[in-house]
Amino acid sequence: MHDTINLQLSSDNIENLETFSEILKKDYNKIFNEALMQYFENEQKKLLEKNIADENMMTNLDFDEFWDGVEL
């Protein structure tokens, strides 16, 4: 586990970080942690939805589609 990570931010993100830090009265670390938590929650939700969609694609065959081409 890393205690420090070297990040490079765009000038727009730095400006927004400074602005929102002042407006919200939050330090940069708190803003980063909240933003990352939101990002990870959104990505996890997307992955779960994709997995469900992929699983549904695999299991949504009707009887004829499932047995199409199978000779007994």
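Let's start at Ser21, which has its place in helix 1. This is a predicted model, so every value below is computed from predicted atoms. Ser21 is buried, because its relative accessible area of 14% falls under the 20% limit for that class. The side chain of Ser21 also makes a contact with the backbone: it reaches the backbone oxygen of Lys26 at 2.5 Å.

**The chain as a whole**

Stepping back, the protein chain holds 3 helices and 0 strands. Read from the N terminus on, its elements run α-α-α. Of the 72 residues in the protein chain, 4% are buried. The accessible surface of the chain comes to about 7300 Å², and 55% of that surface belongs to carbon and sulfur atoms.

**Salt bridges**

How many salt bridges does a search of the whole structure find? The search finds 3, and here they are with the distance between their closest N and O atoms, or from N to O.

| Salt bridge | Distance |
|---|---|
| Glu34 with Lys26 | 2.8 Å |
| Glu34 with Lys30 | 3.8 Å |
| Lys46 with Glu43 | 3.1 Å |

Let's take the pair of Lys46 and Glu43 to begin with, whose side chains meet in a salt bridge. These two residues are 3 residues apart in helix 2, and therefore about one helical turn separates them. Glu43 counts as partly exposed, because its relative accessibility is 26%, and partly exposed lies between the 20% and 50% limits. Elsewhere, salt bridges that share partners join Lys26, Lys30 and Glu34 into one network.

Which residue is bonded to both lysines of that network by a salt bridge? Glu34 is the shared partner, forming a salt bridge with Lys26 and another with Lys30. Glu34 and Lys30 both lie in helix 2, which covers residues 28-59. They are 4 residues apart there, about one turn of the helix.

How open to the surroundings are the members of this network? Glu34 is partly exposed, with a relative accessible area of 35%. Lys30 is partly exposed as well, at 44%. Lys26 counts as partly exposed too, with a relative accessibility of 23%. Lys26 is also the residue whose backbone oxygen is reached by the side chain of Ser21, so this lysine takes part in a contact through its backbone and in a salt bridge with Glu34.

**Two patches on the surface**

Helix 1 brings us to a charged patch. Asp12, Glu15, Glu18 and Glu22 gather on the surface in a patch of negative charge. One of them, Glu18, is found in helix 1, which covers residues 11-24. Is Glu18 buried, partly exposed or exposed? Glu18 counts as partly exposed, because its relative accessibility is 39%.

The other patch is nonpolar. Ile5, Leu7, Leu9 and Ile14 form it on the surface, and together they have about 380 Å² of accessible area. Among them, Ile5 lies in the segment before helix 1. With a relative accessible area of 66%, Ile5 is exposed, because that class takes in values over 50%.

Technical notes. Residues are numbered from 1 along each chain as its sequence is written. This is a predicted model: local features need pLDDT of at least 70, side-chain atom pairs count only at pLDDT 80 or more; totals for chains, interfaces and linings use all residues. Side-chain values use heavy atoms; hydrogens and water are left out. Patches are made of residues with over 30% relative accessible area and no salt bridge: like charges are joined within 9 Å, nonpolar side chains (Val, Leu, Ile, Met, Phe, Trp, Tyr) within 5 Å. Accessible areas come from the Shrake-Rupley method with a 1.4 Å probe; for residues, only the protein chains shown count as cover. A salt bridge is a side-chain nitrogen of Lys or Arg within 4 Å of a carboxyl oxygen of Asp or Glu. Lys and Arg count as positive and Asp and Glu as negative; His and the chain ends are not counted. The place of a charge is taken as NZ of Lys, CZ of Arg, CG of Asp or CD of Glu. Buried means under 20% relative accessible area, exposed over 50%, partly exposed in between (1.4 Å probe, protein chains only). A polar contact is a pair of N or O atoms within 3.5 Å; within protein, one must be able to donate a hydrogen and the other to accept it, and residues adjacent in sequence count only if both atoms are side-chain atoms.
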